[in-house]
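Colleague: I would like to learn how the terms used for a protein model follow from its values. Could we go through them one at a time?

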Amino acid sequence: MFNNYSDVMSVSDAAEALSVGKNQIYALLGSGKLKGFRMGHTWKISKKNLEDFITEETKKQSAETKTA
């Protein structure tokens with residue numbers, strides 16, 4: 001899915017991959033919806049965690065659509 005990115009991404013990479021701003025990625029990390037880890041002051045997000053986030057959000061939206 002994200003073949004052009006390394007296995008561990010920066011916030012900038014994740015934002016670019018999802019076509020959102022860096023603040024949105026920080027908000028997702030802060031809320032725990034997107035899992036990541038810190039190296040010093042820098043957040044890192046694994047490609048697998050980003051893919052898992054997309055899968056979970058897709059499932060949620062699909063379930064919401066069915067109940068609407």
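**From values to terms**

Modeller: Let us begin with Ile 54, which, once its neighbours within four places in sequence are left aside, is in contact with Met 1, Phe 2 and Leu 18. Please keep in mind throughout that this is a predicted model.

Colleague: What makes Met 1, Phe 2 and Leu 18 count as being in contact with Ile 54?

Modeller: The word is used when heavy atoms lie within 4.5 Å, and Met 1, Phe 2 and Leu 18 are in contact with Ile 54 in that sense. For a pair described by another value, take the C-alpha atoms of Ile 54 and His 41, which are separated by 25 Å although the two residues are 13 apart along the chain.

Colleague: Is Ile 54 buried, exposed or partly exposed, and how do you know?

Modeller: Ile 54, which is found in helix H3, has a relative accessible area of 22%. Buried means under 20% and exposed means over 50%, with partly exposed in between, so Ile 54 is called partly exposed. Thr 58, which also lies in helix H3, is likewise counted as partly exposed, because its relative accessibility is 48%.

Colleague: Where does Gln 24 lie, and why is Gln 24 called partly exposed?

Modeller: Gln 24 lies in helix H2, and its relative accessible area of 40% falls between the two cut-offs, so the term is partly exposed. The C-alpha atoms of Gln 24 and Val 11, which are 13 residues apart along the chain, are separated by 9.6 Å.

Colleague: What makes Ser 19 exposed, and where is Ser 19 found?

Modeller: Ser 19 has a relative accessible area of 67%, and because exposed means over 50%, the term applies. Ser 19 is found in the loop between helix H1 (11-18) and helix H2 (22-31).

Colleague: What is the phi of Ser 19, and why might one remark on a positive value?

Modeller: The phi of Ser 19 is near 55 degrees, a positive value in a residue other than glycine. One remarks on such a value because most residues other than glycine have a negative phi. Positive phi values are also found in two glycines: Gly 32, just after H2, takes about 85 degrees, and Gly 40, in the hairpin of S2 and S3, takes a value near 70 degrees.

Colleague: Which residues of H1 are buried, and how do you know that they line one face of the helix?

Modeller: In H1, the buried residues are Val 11, Ala 14, Ala 15 and Ala 17. Seen down the axis of H1, these residues fall within an arc of 165 degrees, so they line one face of the helix. Their cover includes S1, H2, S3 and H3.

Colleague: Which residues of H2 are buried, and what puts them on the same side?

Modeller: They are Ile 25, Leu 28 and Leu 29, and because they cover an arc of only 100 degrees around the axis, they are on the same side of H2. An α-helix has 3.6 residues a turn, so residues three or four places apart point the same way. The face of H2 turned away from its buried side carries the exposed residues Asn 23 and Gly 30, while the cover over the buried residues of H2 includes H1, strand S3 (42-46) and helix H3 (47-67).

Colleague: What makes S1 and S3 a pair of strands?

Modeller: Two strands pair if at least two bridges are found between them, and strand S1 (residues 8-10) and S3 have three bridges, in the antiparallel sense, so they are called paired. In this pairing, Met 9 stands opposite Ile 45 in S3.

Colleague: How many bridges join strand S2 to S3?

Modeller: Three bridges join strand S2 (residues 37-39) to S3, and these strands run antiparallel, so the cut-off of at least two bridges is met here too. Met 39 stands opposite Thr 42 in S3, and the hairpin of S2 and S3 has two residues between the strands.

Colleague: How many helices and strands does the chain have, and what pattern does the chain follow?

Modeller: The chain has three helices and three strands, and read along the sequence it follows the pattern β-α-α-β-β-α. Of its 68 residues, 26% count as buried.

How values were computed. Residues numbered from 1 in each chain as written. Predicted model: local features only at pLDDT ≥ 70, side-chain atom pairs only at ≥ 80, totals over all residues. Heavy atoms only, no water. Helix = DSSP H or I, 4+ residues; strand = E, 2+ residues; numbered from the N terminus. Buried < 20%, exposed > 50% of the residue type's maximum accessible area, 1.4 Å probe, protein only. Arc of directions from axis to C-beta.
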